[in-house]
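Let's take a walk through this protein together, from its overall build to its charged side chains. Please keep the structure open beside you as you read.

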Amino acid sequence: MSFPNDEQNQVINHTGKPLVVVAAPGTGKTSTIVARMIKLLKENPNREVSFITFTRTSRRDTDKKVKSEVGREAFEDANFEFPRISTLHTYAKSIVHKYAQEIDRQNTFSILINDKNENKLLLSELCNDLSIEIDIDRLYKDLVCYRCADYFPSDSPVPADQRKEILEHYDFLLKFYNTFDMEGIVQSACVILSKAGVDFPKVFLQVDEYQDLNPKDQELIKLISSTTGSQTVVVGDDAQSIYGFRYAHFAGIREIWASKEWEHIRFPKSHRLPANILRASQSLISGENYLGGEVDIPEDNGERINTFQCTTSDLQIDVVACLIDNIKSNKLNRKGQPLTYTDFMVLCPTSSFVNKVAETLENGFGIPTKKKEKTTIPNDCWRLLLLLRMLHSNDSLALRQWLNIMGLDAGKIEGMRKEAMRLDQSLFDYCSGLSERNFEELFSKLKELDECVGDLEEFRAKLLAFPNLQIEESIFDEVGITINEVTKKPNTLGSIIKCIHEKFGLIDSETEVSEDISEDDRVPVTTLYSAKGLEAEFVFIMWLNDNFFPAPNREVKEELRVLYVGVTRAKQDVIFTFYERYDKKKRKRIKAISPFLQKIVHCINVTRLMKSDYKELLSGLYCS
């Protein structure tokens with residue numbers, strides 16, 4: 001393929017109305033908007049050019065590519081206000097920071113860290129203040145739904161006549177602590193851009209995976225695109241929308257495609273997918289009228305997707321191990337180089353199967369594997385972050401949690417919070433005025449720290465001696481309490497806090513997709529939901545049984561799109577497995593194949609394997 005082709009060039013050089021690009025997997029959507037970003041920055045590195053993406057992997061790869069093309073100067077030395085490459089929530093945060101006064105907020109706000117239950121802390125206080133008895137987890141889920149999609153679930157236990165009061169008090173608590181929840185930061189950015197007279201700069205915005213954004217996220221993109229002089233390009237594929245459980249609005253891309261306010265382009269050719277995979281994937285979503293399904297289909301070359309019907313569930317893992325060895329020994333990657341373990345990927349329906357496959361491949365067959373792992377912040381780093389937040393911006397929410405670390409009684413803390421609210425003071429200001437010895441010591445030590453921020457050696461020493469912090473000296477290099485290589489001065493408190501946030505993924509709204517896979521030579525094993533944005537030469541999709549695909553209590557059409565995404569991760573070949581199940585009523589073993597595979601039965605070749613013969617039957621495959 002010659003990149004860019006005519007359609008891709010149109011996108012790279014587009015000016016005028018906002019543009020939506022819809023195309024199937026492997027058509028070069030993301031590469032095109034990255035190339036557009038590079039072109040814009042080469043023309044003027046001081047432009048407000050940004051790339052919004054959904055996954056940490058995409059951010060990392062895009063950052064590396066753009067910096068290699070335009071130089072780090074366009075990121076470090078240029079004059080710009082909004083992040084170059086980020087999630088939408090980080091971008092929204094920068095808008096709210098710049099225009100905080102428009103919504104009567106301070107620009108020193110924090111973002112709730114859900115991994116450390118800051119959201120639950122506020123909701124617990126909300127329930128206490130309003131004398132409401134409701135499960136905190138369920139209340140949080142329903143509030144997220146409302147703030148993302150503007151409705152409460154039909155089965156919400158939150159009484160309809162109390163919802164307005166709950167929403168208002170939640171916003172009050174957020175303001176009291178000078179913080180935002182992740183969904184609220186987007187909501188607030190929308191409020192700001194909806195105001196008349198806001199002097200928003202001309203921005204050049206590229207947005208990837210538009211179909212995975214929720215309605216409020218999509219509203220923000222449309223508001224940005226409507227600002228004077230701004231240029232917006234979004235790309236997506238409604239057939240790849242798989243995050244409905246996070247309120248993704250997959251119909252949103254159809255809405256802007258049909259809008260007269262937007263121009264649109266379709267990429268008709270998939271250059272990455274082999275013919276048999278492209279034909280099978282398009283057959284999978286046929287009849288659903290997806291915009292992303294309109295792609296040139298190659299002629300049938302007679303190749304079918306190998307599908308293995310195993311007599312037992314565990315035999316599937318044996319089969320995958322055998323095939324990895326065979327393929328790695330006999331095939332090359334598409335560049336003509338020997339295959340490595342990272343050229344394979346194994347996709348499972350659930351995390352429990354992921355753990356089982358990874359453990360068995362490692363321990364039973366000596367095949368190194370890697371799973372997506374959620375990074376969690378250690379307790380010492382968390383205590384340090386709370387302290388830095390108090391030092392940096394008199395953070396009341398950080399102080400609220402530090403009071404627990406100091407060992408204060410929950411009732412006493414609650415009383416101080418309510419008294420501060422009654423006096424219309426921040427919790428930080430209220431506590432700083434207390435004459436009790438432990439509070440006087442705390443604020444005295446904070447003042448001492450503040451006075452030596454510019455002296456790295458003294459600052460480190462006082463941190464090590466700070467009451468209740470309990471950290472080791474080794475933590476300093478890990479979190480950036482060091483000399484900045486560019487300025488030759490100690491890193492600022494803000495940059496250290498940002499380093500901790502980024503290191504542990506604390507202000508990204510991602511769940512499964514935020515989890516990183518290490519880059520060493522191991523076979524990635526993950527769920528199909530987590531495969532979004534990943535690729536491999538050879539992809540195995542396991543447990544394609546009728547009781548897993550579609551999954552119980554999931555929307556069937558979205559489950560089909562999940563499989564579609566998994567199938568299209570492969571560069572050379574995809575391999576399916578499922579297992580026979582004993583039917584007690586019929587008193588015999590049955591195929592138990594997923595109805596999704598039955599839909600594409602003309603695209604697959606099913607081979608039955610038993611423990612006694614699978615090695616012999618597989619030995620002739622992938623030998624040339």
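A residue is called buried when its relative accessible area is under 20%, exposed when it is over 50%, and partly exposed in between (1.4 Å probe, protein chains only). By that yardstick, buried residues account for 55% of the 624 residues in the protein. This is a predicted model, so to speak of local features a pLDDT of at least 70 is needed, side-chain atom pairs count only at pLDDT 80 or more, and totals for chains, interfaces and linings use all residues. Residues are numbered from 1 along each chain as its sequence is written, and side-chain values use heavy atoms, with hydrogens and water left out.

**Overall build**

The protein has 25 helices and 17 strands; these are DSSP runs (helices H or I, at least four residues; strands E, at least two), numbered from the N terminus. Its radius of gyration is 27 Å, close to the 25 Å that the globule rule gives for 624 residues, so the protein is as compact as a globular protein of that length. That radius is taken over C-alpha atoms, and the globule rule is 2.2 Å times the number of residues to the power 0.38. Along the principal axes, the C-alpha trace spans about 80 × 55 × 55 Å.

**Salt bridges**

Side chains of opposite charge can pair when their charged atoms come close. A salt bridge here is a side-chain nitrogen of Lys or Arg within 4 Å of a carboxyl oxygen of Asp or Glu. How many salt bridges does this rule give? The count comes to 41. Here are some of them:

| Pair | N to O distance | Separation in sequence |
|---|---|---|
| Lys 120 and Asp 137 | 2.8 Å | 17 residues |
| Asp 181 and Arg 147 | 2.8 Å | 34 residues |
| Glu 580 and Arg 608 | 2.4 Å | 28 residues |

Lys 120 sits in helix H6 (residues 118–130) and Asp 137 in helix H7 (residues 136–149), so their salt bridge links distant parts of the chain. Lys 120 is partly exposed at 30% relative accessible area, and Asp 137 is partly exposed at 42%.

Helix H7 also holds Arg 147, whose partner Asp 181 lies in the loop between strand E5 (179–180) and helix H9 (182–194). Are these two buried or exposed? Both Asp 181 and Arg 147 are buried.

In the last pair of the table, Glu 580 lies in the loop between strand E14 (570–579) and strand E15 (581–583), while Arg 608 belongs to strand E17 (residues 604–609). Glu 580 is buried at 5% relative accessibility, whereas Arg 608 is partly exposed at 43%.

Salt bridges also join into a network, linking Glu 125, Asp 129, Arg 400, Glu 414, Arg 417 and Lys 418.

Strand E17 also contains Ile 604, which is buried with a relative accessible area of 8%. Ile 604 and Lys 269 are 335 residues apart in sequence and 23 Å apart in space, C-alpha to C-alpha.

**A negative patch**

Which residues form a negative surface patch? They are Asp 450, Glu 451, Asp 455, Glu 457 and Glu 458. Helix H19 (437–451) and helix H20 (456–464) are the elements that each give two or more residues to the patch. Patch residues have over 30% relative accessible area and no salt bridge, with like charges joined within 9 Å. Glu 457, placed in helix H20, is exposed at 68% relative accessible area.

How values were computed: Patch = residues over 30% accessible without salt bridge, like charges linked within 9 Å, V, L, I, M, F, W, Y side chains within 5 Å. Areas by Shrake-Rupley, 256 points an atom, 1.4 Å probe, with all protein chains shown as cover. Lys, Arg positive; Asp, Glu negative; His and termini not counted. Charge placed at Lys NZ, Arg CZ, Asp CG, Glu CD.
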